[in-house]
Number of protein chains: 2
Amino acid sequence: MAEGKPMFRKLALIGIGLIGSSIALGAKKKNLVAEIAIATRSKETLAKAKALGLGNRYFTDPAQAVDGADLVILCTPVGAFRGIGKAIQQYLGADTILTDVGSVKTHVQQALGPIMPSYVNFVPGHPVAGTEHSGPEAGFAELFEGRWCILTPLPTSKSQAVAKLAEFWKALGSNVEIMDAAHHDLVLAITSHVPHLIAYNIVGVADELEDVTKGEVIKYSASGFRDFTRIAASDPVMWRDVFLTNRDAVLEMLGRFTEDLTALQKMVRNGDGDGLEKLFTRTREIRRSIVEAGQDTSAADFGRRAKKP
Amino acid sequence: MAEGKPMFRKLALIGIGLIGSSIALGAKKKNLVAEIAIATRSKETLAKAKALGLGNRYFTDPAQAVDGADLVILCTPVGAFRGIGKAIQQYLGADTILTDVGSVKTHVQQALGPIMPSYVNFVPGHPVAGTEHSGPEAGFAELFEGRWCILTPLPTSKSQAVAKLAEFWKALGSNVEIMDAAHHDLVLAITSHVPHLIAYNIVGVADELEDVTKGEVIKYSASGFRDFTRIAASDPVMWRDVFLTNRDAVLEMLGRFTEDLTALQKMVRNGDGDGLEKLFTRTREIRRSIVEAGQDTSAADFGRRAKKP
């Protein structure tokens, strides 16, 4: 790929946090775009992106960044999409592919679909990848390698545009899946949104206890708690917007979580050893499958500490 | 330490899983004991321990292993302690230190305290360290380095024995804390037991869904879910026993978790963006403190994937 002609003339990235900067670095490394324009509202963030050399041109106004772009990717928290959409709609060209990296998709379709001109190829997307770090300095070109990117085309999306966008993500190292937006939101509610919510919750509980000090929570965190603090350190605004825009699917999956937790609590109260052991044995299987699918490491403690032979 | 005289003549390890084998490897590496006797009920596990060269003598009968030992450490799931205590009580010598590595301490004191001869130095302990792997082949000498070991002496414990046991754990690389057993059980309920319970629960929920396939859960697990599967892959029998023996503290902390989760659920339902963002910002702080305290890595994704410069 690095030898041939770039897939796109000009990529405009609106928002340049962990995901935006990783796309910029990956697209440059693989020679997927001839030019990158970056827009972000914050002058500080824009200065960081410039200092890191992530793009070719830098703007605080998204309308200027999208001018002449044949690929536009929205990489801000999803709550900002509607405003950005209104700002850029009349500056998008006829052959432009407009996509995004938001963690919810029904809302994105509803927020942007109705206000986009029919000549724009709007194909919502979601690279299922990330770390707990945020900001333009957190990005790296390999973030998407071996991860899945889900595209949720509208009924009106042109198949040619969907295929070209899929090729772009594959070139960044992703596997690509096409999915209905509502199903995406349900799948991500259980694999991502509810896990984040309960991680934020347990960390919040531990932070507020009176009979156990914060120092004790920190000292003894290696016994399990610390695993939850990683995802509870994710970007607060991004996650606020996820819960504001995927409410129904999150409440549905959260309902199932609390139902099962109530049953588990009863097992603990009643001293139901057989029931506990049965659940604890069943849950081992899923981890094995995740490791086999290449979606996690088999190293003890995520390989945090090398096992010396 | 490796040059001098070993601290103990003979160490007896009753149970030889992840923790027992890590103690054996660490004690040998640091020359802390002259001889190691290993006892485990399972002939298969004993054969593995022998093949790994973890000790000097191997038994299926714990009474034979403790004969002549000046340090005895119970490393089985805590549910087996009472039976082991009865089997070994009359074979323990007058200067013997008897300790354990169980994750609950009030129960251990109650199960073993009353049946031990007064000349035995019984000092319950808990190294707050582990991985999701289990069995004698999962152990490594460095497991305890930089982690905390909590000792919960009885009012009758001789301070000399407590100090000697503390030295042993320090020699294995641990920091040592002395704590009241009931407080230990409360602290570990929030830092370890409830986190494990909710991890087991979310993995159990994801495993049983009908509208989201298991294949989808596995594919998209990198978005958060996979973090929970690590601790939900921990040893089922050990964890069954934790919940059977630390019921009250677990139910207390679980109650606070569900109270806060109900409040959080309401924020999601009501679209309370400010409340959500406030919680998600507060929880970042604890992670920073844990990383600063050397209890976790600052590398993105626990360092699962190296960030290339």
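Helix α12(A) and helix α10(B) cross in a right-handed way. This is a predicted model, and the crossing is a good place to start looking around. The two axes come within 9 Å and cross at roughly 140 degrees, which makes α12(A) oblique to α10(B). On the chain A side, the contact is made by G273(A), L276(A), E277(A), F280(A) and T281(A). On the chain B side, α10(B) brings P236(B), V237(B), W239(B), R240(B), F243(B) and L244(B). Sorted by class, the residues of this contact are seven nonpolar, two polar and two charged.

Helix α12(A), which spans residues 273-292, also packs against α7(B). Here the angle is about 70 degrees and the axes are 9 Å apart, so α12(A) counts as roughly perpendicular to α7(B). The crossing with α7(B) is left-handed. From α12(A), the residues that take part are L279(A), F280(A), R282(A), T283(A) and I286(A). They meet Y200(B), V203(B), G204(B), A206(B) and D207(B) of α7(B). This group divides into six nonpolar, two polar and two charged residues.

Here are the two packings side by side:

| Helix pair | Angle | Axes | Crossing |
|---|---|---|---|
| α12(A) and α10(B) | roughly 140 degrees | within 9 Å | right-handed |
| α12(A) and α7(B) | about 70 degrees | 9 Å apart | left-handed |

Now step back to the whole interface. How many residues of chain B are in contact with chain A? There are 94, and they touch 94 residues of chain A. Several helices of chain B each supply at least two residues to this side: α7 (181-208), α8 (214-219), α9 (225-231), α10 (236-245), α11 (247-270) and α12 (273-292). The largest share, 19 residues, comes from α7(B). By class, the side of chain B that touches chain A holds 48 nonpolar, 21 polar and 25 charged residues.

Finally, let us visit a single residue, L254(A). It sits in helix α11 of chain A, which covers residues 247-270. Is L254(A) buried or exposed? It counts as buried, because it has 22 C-beta neighbours inside 10 Å, and the cut-off for a buried residue is 20 or more. Setting aside neighbours within four places in sequence, L254(A) is in contact with V194(A) and L197(A) in chain A and with Q265(B) in chain B. Another residue to find is H193(A), which is 61 residues from L254(A) along the chain. The C-alpha atoms of L254(A) and H193(A) are separated by 9.3 Å.

Conventions:
Residues numbered from 1 in each chain as written. Chains lettered and ligands numbered in written order. Predicted model: local features only at pLDDT ≥ 70, side-chain atom pairs only at ≥ 80, totals over all residues. Contact = placed C-beta atoms within 7 Å. Helix = DSSP H or I, 4+ residues; strand = E, 2+ residues; numbered from the N terminus. Nonpolar A, V, L, I, M, F, W, Y, C, P; charged D, E, K, R; others polar. Buried ≥ 20, exposed ≤ 12 C-beta atoms within 10 Å, placed from the backbone. Axes fitted to C-alpha atoms, helices over the stretch in contact; angles between N-to-C directions. Parallel < 35°, antiparallel > 145°, perpendicular 65-115°, else oblique. Left-handed = near helix turned anticlockwise from the far one by under 90°.
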